[in-house]
Amino acid sequence: MTFDETLDQAFKARLPLLYVETSEELRLQEAVGRVAGALRKPRALWTWTASVGLVDAEGTAIANTTNPVRALDHALGVEQDAVFLFCDLHAFLGAEHRPGDPAVIRKIRETAADFRGAELSKTLMISAPVRTIPAEIDKVTTLLEFPLPGRAELRALLDSMIQSNADGGVTVEADEKELEQLVQAALGLTMLEAENALARAMVDDARLSKNDVAIVLEEKRQTVRKAGLLEFVDSHVDLEK
């Protein structure tokens with residue numbers, strides 16, 4: 001089942017509190033907007049960040065909502081079917097050696113309870129680069145897995161970058177098979193990481209060729225080293241096959 005299908009089921013089941021562990025906020029926001037807008041009763045997508053506060057579906061920032069408790073209070077009063085995507089709440093939920101903010105955690109519990117029993121269809125979503133779910137909200141939270149971009153998304157990204165650089169002095173020497181090898185090399189990266197890797201490959205010598213697979217793999221190696229969890233093993237794929 002795809003993420004869109006899983007999210008569609010969660011919305012239709014009126015699950016009040018969803019948690020998505022991902023660093024790809026914009027890509028997640030696009031997916032949420034796409035699924036919420038395709039429902040039989042479409043839902044408006046609101047977003048919240050600690051720097052801007054709550055922003056409605058038309059892109060208007062709501063004054064005095066950078067505080068998460070005030071933002072959730074405002075969400076409770078919104079009179080429309082909506083999804084509220086909060087991107088920085090994990091900072092208030094605590095960590096191994098840092099307690100969470102009890103007022104924020106309590107407000108999340110109250111919001112989830114209100115959304116569950118409301119006549120309107122409303123969902124609170126938490127997007128976070130780490131998984132931080134306090135015991136107080138664990139039982140009312142549904143954890144969703146957001147996959148890394150697949151081959152089709154990465155190929156669309158590569159094609160878009162090639163088109164954008166068509167007049168920028170970048171010569172495409174790679175054939176169709178070699179372009180697919182570049183996409184294969186980028187699998188396992190986030191969209192932003194893949195874009196950075198492919199951009200580096202393009203500007204390295206103002207050419208895009210099969211030799212640039214090595215550059216993309218090097219970027220992947222650096223990404224793995226930053227994570228500090230795994231060891232990157234180069235498979236030494238024969239590009240001539």
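Q: A salt bridge is a side-chain nitrogen of Lys or Arg within 4 Å of a carboxyl oxygen of Asp or Glu. How many salt bridges does this rule give?
A: The structure is a predicted model, and side-chain atom pairs enter the count only at pLDDT 80 or more. Applied to this model, the rule gives a count of 18 salt bridges.

Q: Which parts of the chain does the salt bridge between Lys107 and Asp73 tie together?
A: In this salt bridge the N to O distance is 2.6 Å. The two partners are 34 residues apart in sequence, so the pair links separate parts of the chain. Asp73 belongs to residues 68–77 and Lys107 to residues 102–117, so the parts tied together are helix H3 and helix H4.

Q: Is Lys107 buried, partly exposed or exposed?
A: The cut-off for buried is a relative accessible area under 20%. Asp73, a salt-bridge partner of Lys107, has 39% relative accessibility and counts as partly exposed. Lys107 itself has a relative accessible area of 11%, and therefore counts as buried.

Q: How far apart along helix H4 are Lys107 and Glu110?
A: The side chains of Lys107 and Glu110 also meet in a salt bridge, at 3.6 Å from N to O. Glu110 is partly exposed, with 37% relative accessibility. Both residues lie in helix H4, three residues apart, so their separation is about one helical turn.

Q: Which residue forms a salt bridge with Lys139?
A: Lys139 is exposed, its relative accessible area being 77%. Its partner counts as partly exposed at 36% relative accessibility. The closest N and O atoms of the pair are 4.0 Å apart, and the partner is Asp138.

Q: Which residues are joined into one network by salt bridges that share partners?
A: The rule for a salt bridge takes the nitrogen from Lys or Arg and the oxygen from Asp or Glu. In this network, the nitrogen side is supplied by Arg151 and Arg155, so the oxygen side falls to Asp159, Glu176 and Glu180. The joined residues are Arg151, Arg155, Asp159, Glu176 and Glu180.

Q: How do helices H3 and H4 run relative to each other?
A: The axes of H3 and H4 are 9 Å apart, and the packing angle is about 10 degrees. Angles under 35 degrees count as roughly parallel. H3 and H4 are therefore roughly parallel.

Q: How many nonpolar residues are there in the contact of H3 with H4?
A: On the H3 side the contact includes Pro68, Val69 and Leu72, and on the H4 side Val104, Ile108 and Phe115 are among the residues met. The salt-bridge partners Asp73 and Lys107 are in this contact too. By class there are one polar residue and three charged residues, while the nonpolar residues number nine.

Q: Which residue, 101 residues away along the chain, has its C-alpha atom 8.3 Å from that of Phe115?
A: Phe115 lies in helix H4 and is buried, with a relative accessible area of 1%. Leaving aside neighbours within four places in sequence, its contacts include Pro16, Phe84 and Leu124. The residue at this C-alpha separation is also one of its contacts, and is Arg14.

Q: Which strands stand at the edges of the sheet?
A: The sheet is open, has six strands with mixed pairing, and follows the order S3-S2-S4-S5-S1-S6. A strand at an edge has a single partner, so one of its sides is left without a neighbour in the sheet. The strands in that position are S3 and S6.

Q: In which sense do strands S2 and S3 run?
A: Strand S2 covers residues 44–49, and its Thr47 has Val55 in S3 as bridge partner. Three bridges join the two strands, which run antiparallel.

Q: How many residues of strand S1 are buried?
A: S1 pairs in the parallel sense with S5 over five bridges and with S6 over three bridges. Leu17 has Leu124 as its bridge partner in S5, and Val20 has Leu144 in S6. S1 is largely enclosed by the rest of the structure, because its buried residues number four of the five.

Q: In which strand is Ser127 found?
A: Ser127 is buried, with a relative accessible area of 1%. Beyond four places in sequence, the residues it touches include Val20, Leu85, Cys87 and His90. Its strand is S5.

Technical notes. Residues numbered from 1 in each chain as written. Predicted model: local features only at pLDDT ≥ 70, side-chain atom pairs only at ≥ 80, totals over all residues. Heavy atoms only, no water. Buried < 20%, exposed > 50% of the residue type's maximum accessible area, 1.4 Å probe, protein only. Pairing = 2+ DSSP bridges. Axes fitted to C-alpha atoms, helices over the stretch in contact; angles between N-to-C directions. Parallel < 35°, antiparallel > 145°, perpendicular 65-115°, else oblique. Contact = heavy atoms within 4.5 Å. Nonpolar A, V, L, I, M, F, W, Y, C, P; charged D, E, K, R; others polar.
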